[in-house]
Amino acid sequence: MTSDAPNLKKIVAEKAVDDYVKDGMTVGLGTGSTAEYAIKRVGELVGNGYELKCVATSKRTEDLAQSLGVRIYDVDEVEHIDVTIDGADEVDPQKQLIKGLGGALLREKIVAAASLSEVIIVDSSKIVDKLGVKTPLPVEVIRYGHGKTAYALERQGCKATLRLSGGQPFVTDAGNYIYDCKFESIENPFFLESRIDVVPGVVENGLFLNTTDVVLISHPDGRVTKKD
Ligand code: 5RP
């Protein structure tokens, strides 16, 4: 990226906060490098006197928000969440998503389900015709018998790879492992989700189906378009 190239993550994140976060709201804060710019903008709003109740989708997001003076509430401390702003790894034409390359899919899905509005922020490289063509599908599994769980996942037609961090299995905020499941492409995400969810040991999968209200997309020329 040249120094004068637009920062596509920052542009789309700041627009989402400016357009969707109002004083007095309860706001879900996503996880990832794009969501971090949204969290920083929320920090600025709080610094300017906005009264916001914020719920974090990961420990990493919680730490960043608190370092900016944003008070974090547990998801069970709030009645509902007005709007959540989060990133994604792939977005298809129906606004179905793959999420979880940042490792926070479990909390992200719980927070999305508790949100009146879910705003997804991505740059145009995340837009795909069909889910699974570029990225693997992250699946969070309990540690016990995870090899057997991975074997059962592979029977759905993918290559399941245990996610590592520093040579050791990556451990999620909930203490679980993640298998990154690479399919050639995902023809029917609803059917696949129903197959994955019945595999013993699976805690959550990274398919976010019918959870998104708005997708904001930043383009290389700096424009932001909206899909709702
Ligand atoms: C974390 C996620 C992230 O939203 C997703 O990985 C996108 O991250 P980034 O904005 O860094 O590309 O699902 O679990």
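In this predicted model, a polar side-chain atom of Lys-126 lies 2.8 Å from an oxygen atom of the ligand. Thr-34 makes a further polar approach to the ligand: a polar atom of its side chain is 2.6 Å from a ligand oxygen atom. Gly-102 takes part through its backbone, where a polar atom lies 3.3 Å from an oxygen atom of the ligand. The ligand is surrounded by 17 residues. Lys-126 and Thr-34 are among the closest of these, together with Ser-33, Asp-89 and Gly-100.

The pocket analysis was run on the protein atoms alone. The largest pocket holds about 200 Å³ of space. Its lining consists of 17 residues. Those nearest its centre are Thr-31, Gly-32, Ser-33, Asp-89 and Gly-102. Ser-33 and Asp-89 therefore appear in two lists, since both are also among the closest residues to the ligand, for which the cut-off is a heavy atom within 4 Å. Gly-102 lines the pocket and also supplies the backbone contact described above. Helix α2 gives the largest share of the pocket lining, with three residues. By class, eight lining residues of the largest pocket are polar, five are charged and four are nonpolar.

Enclosed space was examined next. One cavity of 30 Å³ or more was found. The largest cavity contains about 30 Å³ of space. Its lining is made up of Val-17, Val-27, Gly-28, Leu-29, Gly-30, Ala-35, Ala-38, Ile-39, Val-42 and Ile-85. Strand β1 (26-29) and helix α2 (33-47) each contribute at least two of the lining residues. The greatest contribution, four residues, is that of α2. Eight residues of the cavity lining are nonpolar and two are polar. Charged residues are absent from the cavity lining, whereas the lining of the largest pocket has five. Helix α2 thus leads in both linings, with four residues at the largest cavity and three at the largest pocket.

The sheet comes next. Seven strands form an open sheet in the order β3-β2-β1-β4-β7-β15-β16, and the pairing is mixed. Strands β3 (72-73) and β16 (224-227) are the edges, each pairing on one side only. Strand β1, which supplies lining residues to the largest cavity, stands between β2 and β4 in this order.

Strand β7 lies between β4 and β15 in the sheet. Its pairing with β4 (residues 81-86) is parallel and spans five bridges. Within this pair, Val-119 of β7 is the bridge partner of Ile-85. Ile-85 is also one of the residues that line the largest cavity. On the other side, β7 pairs with β15 (residues 214-218), again in the parallel sense and over five bridges. Here Ile-121 has Leu-216 of β15 as its bridge partner. Asp-123 stands opposite Ser-218 in β15.

How enclosed is strand β7 by the rest of the structure? Of the nine residues in β7 (residues 115-123), eight are buried, so the strand is largely enclosed. Val-122 belongs to this strand. Its relative accessible area is 0%, so Val-122 falls under the 20% cut-off and counts as buried. Val-122 and Gly-43 are separated by 79 residues in sequence, and their C-alpha atoms are 20 Å apart.

Two residues stand out in backbone geometry. Most residues other than glycine have a negative phi. Lys-95 has a positive phi of about 65° although it is not a glycine. Asn-210, likewise not a glycine, has a positive phi of about 55°. Both are loop residues. Lys-95 is in the loop between β5 (90-91) and β6 (97-98). Asn-210 is in the loop between β14 (207-208) and β15.

Are these two residues buried or exposed? Lys-95 has a relative accessibility of 16%, which is under the 20% limit, so Lys-95 counts as buried. Asn-210 has a relative accessible area of 59%, which is over 50%, so Asn-210 is exposed. The loop of Asn-210 leads to β15, the strand that pairs with β7 over five bridges.

Note on methods: Residues are numbered from 1 along each chain as its sequence is written. This is a predicted model: local features need pLDDT of at least 70, side-chain atom pairs count only at pLDDT 80 or more; totals for chains, interfaces and linings use all residues. Side-chain values use heavy atoms; hydrogens and water are left out. Buried means under 20% relative accessible area, exposed over 50%, partly exposed in between (1.4 Å probe, protein chains only). Two strands pair if DSSP finds at least two bridges between them. On a 1 Å grid over the protein atoms alone, a cavity is a set of points where a 1.4 Å probe fits but cannot get out, and a pocket is an open set with protein on both sides within 12 Å along at least five of seven lines; lining residues have an atom within 4 Å of a point. Grid points are joined across faces, edges and corners, and a volume is the space filled by probe spheres set on the points. Ala, Val, Leu, Ile, Met, Phe, Trp, Tyr, Cys and Pro count as nonpolar, Asp, Glu, Lys and Arg as charged, and the others, Gly among them, as polar. A polar contact is a pair of N or O atoms within 3.5 Å; within protein, one must be able to donate a hydrogen and the other to accept it, and residues adjacent in sequence count only if both atoms are side-chain atoms.
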